[in-house]
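Trainee: I am new to this structure and should like to understand the terms used to describe it. May I go through them with you?

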Amino acid sequence: MSTVRKFSVPRGTSDILPQDSYLWQHLEQKARSMMEVYGYREIRTPYFEETALFTRSLGQTSDVVNKQLLNISQAKKETSEPQEDISGLSLRPEGTASIVRSYIENDLDKKEHLSKLYYIGPMFRGERPQKGRLRQFHQIGVEAIGPETSIAYLDAELIALSTKLLEAFGVSGFKLKINSLGTSEDKQNFSSLLRSKLQKDLSKLCPDCQGRFERNVFRILDCKNPTCRDIVAKLGLTDEHLSESSRKYFAEVKDALKMLKVPFEVSATLVRGLDYYTHTVFEISHSGLGSQDALGAGGRYNGLVQELGGDPKGTIGAIGFALGIERILLARQNTDEEKPRPDFFIVALDAEGKKDAYLRAFQMLEEIRSEGISAEMNFVTASMKSQMRLADKLNARNVIILGEDELNSNTMTIKDMTSGEQKKIPQTELARLLNNLKK
Ligand code: AMP
């Protein structure tokens, strides 16, 4: 006998089933309302863009571009119609590049002084899947972009927002690390300084890091190899790569964070893997997450709008962060979400061969729902016991029982499932009952 092949979810992706999707909805709602309170407005960009946009923004040498970009390709079709070449497109691995593209394309700098934008949605990376590391994952992120907006207080506000969001989601015990890369000149100084400090140990670094030494020396600071970590720890990095004004800027960010009572730790080795960062960078980690311990990260990227052709004068400042939703859900302890439950479950009890109660229940469902109140029934005719079992399973707040008695007297029995109290009332009372519930 031939067996029919069953399909599975693609590796590194997952279904979010109703038993969990309500948690996602709660989290997203909280995120939306908090980001709006901080003045951010939603932007939705496509899930794919020109590959070159990502290469240019994130840097040729970043892992995301080098190893993880998922290109869109299309098999040639047998058709005489001309086929558009879509091979230059990739699924978005992160949100910033698309948002900056959109900011420039829609001239947002001419429409508002500061654009405070947020997004919630899936990102795609061709990663080797493991716990906390997926090929399709979801981020909540914000970007604050505008001319002359490289202001330390904006950095602090945005960093504070990232931690307030985590707290609102019920995550505690996370750690915020910050650092400053300085201007692009400071960054150049930083990389020369790093190379000179690492030179004597170059041969002891792992083969990957030996390659990174020329290509992107900052990435050595993120290497997980114990020997490389040891060498990095002994470098004695400080803020010596920073100019006086960058140092002042960073001091202001730190002071503002203290004013907002946001605990942080300065980490001289925190650099982030992407090319576009300047000045403030930060990362939030949680020790309960294992090896993939980053809950979120972000930083200032003042040169990117210019790099993408939208800022001839070079005055546009920008800063953003992204938090990973899957990891937030893994890290959270204090949860207060209630599973969705129906306000009413209607039990219909008919005598053998009859359907009167069933039809009245079916009609009543609509009467209740049209008031915006949730109601369910068992569509399969079943015994009282089995209908009550379903009402219990759904955790219904109230049960309405319609039996022969009730139908004959135009009444209904209503049971409050929390107190167990039960009473018979006229069906004409339903409207008043629903009205009271709505208040
Ligand atoms: P990144 O842009 O890599 O700093 O990502 C920001 C946040 O997104 C991380 O701190 C994670 O929480 C989350 N994230 C990044 N990559 C993945 C992934 N492959 N799977 C799950 N979450 C991820």
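Mentor: Let us begin with a definition: a residue counts as buried when its relative accessible area is under 20%. Please keep in mind that this is a predicted model.

Trainee: Why is threonine 96 called buried?

Mentor: Threonine 96 has 6% relative accessibility. The cut-off is under 20%, and threonine 96 therefore counts as buried. This residue is found in helix 4, and it touches Glu143, Tyr276, Tyr301 and Leu304, leaving out residues up to four places away in sequence.

Trainee: Which residues have the most contacts inside the largest nonpolar core?

Mentor: They are Val100, Ile145, Phe190, Leu194, Leu198, Ile220 and Leu221, in a core of 50 residues. Helix 4, residues 96-105, gives the most to this core, with 5 residues. Apart from it lies another core, of 40 residues, Tyr118 and Phe169 among them.

Trainee: How do you know that glutamate 127 makes a polar contact with the ligand?

Mentor: A side-chain N or O atom of glutamate 127 is 2.7 Å from a nitrogen atom of the ligand. A polar contact requires a pair of N or O atoms within 3.5 Å, so this pair qualifies. A polar side-chain atom of arginine 272 lies 2.8 Å from a ligand oxygen atom, and for glycine 296 a backbone N or O atom lies 3.1 Å from a ligand oxygen atom.

Trainee: What makes up the shell around the ligand, by class?

Mentor: The shell has 6 nonpolar, 4 polar and 5 charged residues. Strand 10 supplies the largest share, 4 residues.

Methods:
Residues numbered from 1 in each chain as written. Predicted model: local features only at pLDDT ≥ 70, side-chain atom pairs only at ≥ 80, totals over all residues. Heavy atoms only, no water. Core = buried A, V, L, I, M, F, W, Y, C linked by side-chain atoms within 4.5 Å. Buried < 20%, exposed > 50% of the residue type's maximum accessible area, 1.4 Å probe, protein only. Helix = DSSP H or I, 4+ residues; strand = E, 2+ residues; numbered from the N terminus. Contact = heavy atoms within 4.5 Å. Polar contact = N/O pair within 3.5 Å; in protein donor to acceptor, adjacent residues only side chain to side chain. Nonpolar A, V, L, I, M, F, W, Y, C, P; charged D, E, K, R; others polar.
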